[in-house]
Structures are given as structure tokens and as C-alpha cells.
Amino acid sequence: IDYNSFYEGFKKPFGAIVTGQEILFRLKATGSDHIEVTLVMAQEGKSEQFLKMAPEGDGFYKVVSTGAEPGLLFYYFIISFSEKLVTHTIYVGAQAPGIGGEAVLRENRWDVVPYQITLHQFVEPAPSWYKDAVFYQIFVDRFYNGHPEGKVLNPKKNSFVYATWEDTPMYIKDCQGSITRWDFFGGNLEGVLKKLDYLQELGIGGIYLNPIFKSRSNHKYDTGDFLAIDEMFGSEEIFQELVLEAQKRGIRIVLDGVFNHVGADSRYFNSFGSYPELGAAQSPDSPYYSWFNFFQYPTDYECWWGVKDLPNVNENNPTYRNFIVGPEGVIEKWTRMGIGGWRLDVADELPDDFIADIRSSMQKANPDTVLLGEVWEDASNKIAYGQRRRYLLGKEIHGTMNYPFKNGVIDYLKGHLKARELYHRLMALKENYPREAFYSALNSLGTHDTKRIFTEISDKEHLKIAVGMLFTFPGVPCIYYGDEAGMKGEADPDNRGPYPWGKEDPEIMEMYRSMIALRKSSPVFVGGELHPFYQENTFGYLRLQGEEASLIIINREPEDVRLVLNDALGLDEVPEQFRHILTGEYHLKAKSFNVYQL
Ligand code: ARE
């Protein structure tokens, strides 16, 4: 029997499903007179249901109405047929867990990989100001010192502070290893305030600020006091001024919330006695003692990824939880000052109900806010610490930092992925994420935790493709400070160089400006449906909204390519009136990003 001509299966509607919605399954199977098709379906943790599919016209059909409980649903097909009086059975499933796409036939039941359906209640979208914005991420110590005469505010004891920004190594050229983990450069909130005009003129609508609360380090993931701004960065008054001045320019500020751990040097743990209060490491009588998990008091305790500097907090401790999400708690205090929302550090290590509490507390203080989570993988099906995470199912975050997008783009441009593989990776996100979550992902090409994009991709023509994708793909584009200036940087801490004010690379700056202008030229890039396709090593996508359409085609190869688009692209979902766009011949220059606005 010819297996390749044997099946053609799909489900409708495409992608993640709202609880209670009906799903239609259809499978075409020909080649034998006695075919039986069974749909095998199970909600995670429950037993499989075997559902016979009814033959009708050109295929086998089954309509299933889903349950009320959000979670993951899995399915595959069993086909049995007889040939010369012998009955055969084959199993039809996905290519790999979490990746849908082309069906794979298996002869053994244990080898079949079920398709995933995300069953969710994600019905309350992120605020529209967020979805419309272009974001900019700022690592405060390295952005700009806005203090008059460039004086550094309250330098820390024993810290090295570069006297003036100009003395610092240039991070435009490959200049590695000059930054150590404990350097301070003296960037501060006044610096961000003074650069708001620059950001506004660049077209920025949101700033993601790395942590700013009092702490010992330059990165401030080791919180010392959740209720105070770090004195090197400024004060609560300056922060309030920053938020209001930003608002005047149509810019909202998203804060980094680090609620999984605190600094060993903090009001709460107080290992070094720097704070006046009795900390958990000082005495079991400390009011904070029960926030932490000690294995052997006081030296051995649970901490983040083995880093002793970051003792883990027990988020289920009622006092801690109330401190963060209760009335007048940390979330309410800062949200009331007019910020745009929060980015949750290590979201995958926070309990689901804690994240839901943070969302409620934030929205109680201001409903027009966004909650983002730091998740590095496909957030729809992540298992962390033995638990399937539920952050995208509706009650928790609006969007995640889209590392899979960044990795896909970089791997493809470096030649590590074929266009077909990139297609499947990006389609998996489109399929697995609730639609609103896919459109609310914070897309970037690099962050303070990764190599900089211009170090990953140092060929400017390829860089232009990456930047082009950032600004035309669904999700909110976010620029890591200085990427637009052409900064380079290897892994942390090298990726956190001081912004080279006045020495920006004009070509790269122009690249960013023109792509931001493109994004703003049509709402299709914000809300338009996404229909990706590939042919050989060419990757492309159509964005559609109402009568507007935009076609992007990427040629990563060092040679010109002649591309003939035709019906074979498998774009069954594209409405009839747009199909003509996908036929025709295109001449693509070597290493080019091509946009056709239609
Ligand atoms: C630094 C160095 C470490 C060193 C440590 C010890 O980077 O190599 O061991 O110092 O002193 C913050 C600082 C870091 C600092 C760290 C510890 O920014 O400079 O590290 O504190 O002091 C995983 C986590 C993810 C995490 C990344 C870094 O899942 O949550 O690792 N990101 C957040 C922040 C960081 C922050 C912390 C967490 C801690 O954004 O900036 O670090 O609050 C895969 C995995 C991911 C993994 C990723 C990177 O793809 O899927 O889970 O992320 O790789 O390792």
C-alpha cells in the first residue's frame, strides 16, 4: 500500500481551543475498501477515549465538543484496513511532541506521537496600548548617567565605577572581557528620564526596565528591599517623575518583578547584617524566618540554581504572599504609581496560583496593565518541577518573552535550520498558543541574558533580515538597548556594555528606524493573521487583516533566487480573495528581506 497517498488529516478550527468549543476532525483515507478510522483522544491525566469516525463523502469525520476544564488535550488516529483478507493497523500522529504539522505514520502504537491541543480560557486580552507598542529594554546601570556633570549617585562601597562614560570600552567593535560581574557604570533613572525624548522619537511605546529596587549588584536580581528604589539609580520621587514624563510621551514602563528569590544581602535574609532588621539568616526569631527553606541553619538553604547569593523564597508562605500581592502589597504600591505592568522573572519557578494572584493584584490597582512571564521554551506545554504549567491558559500571564522566536530566526540565518524547520518551529507557536498569547508575546532578538544579536549575526545583510522579522511578526517587538546602535556582546556580562552615546553605527540605526516605520505603516503588522510558508530555503509569510495584506519573503542565501509561488504552499487557510497574491514569480536579491504591501 502506498502510505503517502493514504491519509490527509486535520482539525478545525486551527490551533488552541477555548474550553467548551467544538472541534471537527477530518481524515481522508483511500486505497482500500475496508477502512476504519478511530480518533483517540485524552485530556492530560485522564484516560484515552476511542471515538469511531464516520465515513462521509470524501473522508472520515468526527465532531467533538471539548470539556470545561482548561489544560492540554492530546489526539492521534488509528486506521485499520484490509488487504487480501489481512487486516493492517497504522497509527497517525505528529512529528514530535508539541510540533504539529505533517502527519507521521507508525506501525506500532507506542511510537505514535499525539498532536497537542491547548484548551484554554484566555479570553481577556492584553491591553491594546501594549499590543500596539514597540518596546525597548533597559539595563539601567549601563544606559545613561543623567546626573548633572555625570556624577555617580551614591557609589557602593568597594564597587568600581567608571568615572565618565567616554572612558569606557567601546562596545561597538569586538571588545570582550572588559566588563566584570561587579562593575558599576553609574547609569540611573535620571538617565532614562533624559533619554525619553530619544526613545519617543525612535517610536517607542513601552520600556521594559530590568530590576530597579535596592540591591547590592548592578543587575539587581538580588533584591535587598522590595519597597525602595536603589539609591544608585535614584529615588521614589525620580521614579515617579520618570513614569509620568514617560506617560506624557505615550510610553509606559514595565517593571521586572523578581519574586522567586531575594538577595542574601537583604532586609529579609540579611546575611551580612547590612540592614537594621533581624534577618532570617541572623536568627530563627526573625519575622522573615518562615519565608525561607533552610536545610542546615543558617548556612545551607534553598537557593536559585545553586547561587548562594539568591536564597529562594517560599511563595506559599502566607506572610510573604500577602506582602507581595495583598492589599497595599508590593504589586499594588508600584502599580499605583502608573506603571504599565510587570515582567515576572523565572515565571516557571513561581506557583501558578501565585502568578494568578499577582495578575489580580496588578489589575486591581490598574486594569490597563500587562503581565509578562520569563519562559524560554514553548510556554504552552512546559513541564517544570514535574508540573505542567498553566500560565497561558487564561488566569495568569498575557504573554511570554519569546525566546523560541529569537532562536528560530538566528538558527535559520546561521544556516542551522532549513526553512522548513523554521516554518515548523514558528507554526508550533501559532498552533499551541492561545491566539491572544501569540500576539502578546514579547519578541526580541536578544536580552541581558543572551549574546547580542550583532554578535550572533555579524553580517549586516542577515542582521537586516532578523530586524525585519522582529518588526513584522506577530507579537510585540522589543529592542535590547544599544542593539540599534550596533553594540556587540558575548554572553552575560559582556552583553551589558555601556550605551555608546554619540558613536552609534549609522547604518544599523537606520535599519532599525526604517523597520520601526514599516511596522507603524499598517495595522496589519500588529493584528494581521499570519500565514507562513517555505520553498527550498526561502521562508516567508503573509499578514492579513480585513482588506490589507502584506507579504514578506526572505532569501538568506548568498545568491539571487527566482521564486515561483503557487498553490503547493499548503496555505489552505488563506481566504480565497487573497490567494492570487501567492501565485507569481519573485526575484529575490541575495540575502534580502522583501516586503510587498498589497
Ligand atoms: C551570573 C552568571 C552566572 C553565574 C552567577 C553567579 O550569569 O553564570 O553562575 O552570576 O554569580 C541574575 C543576573 C545574572 C546572574 C544571576 C545569578 O542577571 O548575571 O548570573 O542573577 O546571580 C535560566 C533561567 C532564567 C534566568 C536565566 C539566566 O530559567 O530564569 O537562566 N533568567 C533570569 C534573569 C537573569 C537573572 C535571573 C533569572 C536570576 O533574566 O538576568 O540572573 O534572578 C536555557 C533554559 C533556561 C535558562 C537559559 C539560560 O535555554 O531553558 O531556563 O534560563 O538557558 O541559562
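This note collects points on the strands, loops, cysteines and one helix of a predicted model.

1. The barrel. Eight strands close into a barrel in the order 12-15-18-21-22-25-26-27, and their pairing is parallel. From one strand to the next, the twist averages 25°. Within this barrel order, strand 22 is followed by strand 25, and the contact between strand 22 (residues 370–373) and strand 25 (residues 399–402) consists of 2 bridges in the parallel sense. Leucine 372 has glycine 399 of strand 25 standing opposite.

2. Strand 4 and its partners. Strand 4 (residues 35–43) is largely enclosed by the rest of the structure, because 8 of its 9 residues are buried. Strand 4 pairs with strand 8 (residues 71–83) in the antiparallel sense over 9 bridges, and also runs antiparallel to strand 5 (residues 49–52), to which 4 bridges join it. Methionine 41 can serve as a reference position for both pairings: its bridge partner in strand 8 is tyrosine 75, while glutamine 49 stands opposite methionine 41 in strand 5.

3. The hairpin turn. Strand 4 and strand 5 form a hairpin in which 5 residues lie between the two strands, and glycine 45, in the turn, has a positive phi of about 85°.

4. Cis peptide bonds. The bond that joins lysine 12 and proline 13 is cis, with omega about -5°, and proline 13 belongs to the loop between strand 1 (9–12) and strand 2 (17–18). A further cis bond runs from aspartate 492 to proline 493, where omega is near 10°; proline 493 sits in the loop between strand 27 (476–480) and helix 13 (506–521). Strand 27 is also listed in the barrel order.

5. Positive phi outside glycine. Tyrosine 385, a residue other than glycine, has a positive phi near 50° and is placed in the loop between strand 23 (383–384) and strand 24 (387–388). Its relative accessible area is 64%, above the 50% cut-off, and tyrosine 385 is therefore classed as exposed. Lysine 591, likewise a residue other than glycine, has a positive phi near 40°, and its place is in the loop between strand 32 (584–588) and strand 33 (592–597). Lysine 591 has a relative accessibility of 21% and so counts as partly exposed, a class that lies between the 20% and 50% cut-offs.

6. Cysteines. A search of the whole structure for disulfides returns 0. Cysteine 303 has a relative accessible area of 15% and is buried, and cysteine 478, at 3% relative accessibility, counts as buried too.

7. Helix 12. The 13 residues of helix 12 (residues 460–472) should span 18 Å at 1.5 Å a residue, and the end C-alpha atoms are 18 Å apart, so the expected and modelled lengths agree. Helix 12 is mostly covered, with 10 of its 13 residues buried; among them are His462, Leu463, Ile465, Ala466 and Val467, together with Met469, Leu470 and Phe471. An α-helix has 3.6 residues a turn, so residues three or four places apart point the same way. At the N-terminal end of helix 12, aspartate 459 acts as a cap, with a side-chain oxygen 2.8 Å from the backbone nitrogen of glutamate 461.

Technical notes. Residues numbered from 1 in each chain as written. Predicted model: local features only at pLDDT ≥ 70, side-chain atom pairs only at ≥ 80, totals over all residues. Heavy atoms only, no water. Pairing = 2+ DSSP bridges. Axes fitted to C-alpha atoms, helices over the stretch in contact; angles between N-to-C directions. Buried < 20%, exposed > 50% of the residue type's maximum accessible area, 1.4 Å probe, protein only. Disulfide = S-S within 2.5 Å. Expected span 1.5 Å × (residues − 1). Polar contact = N/O pair within 3.5 Å; in protein donor to acceptor, adjacent residues only side chain to side chain.
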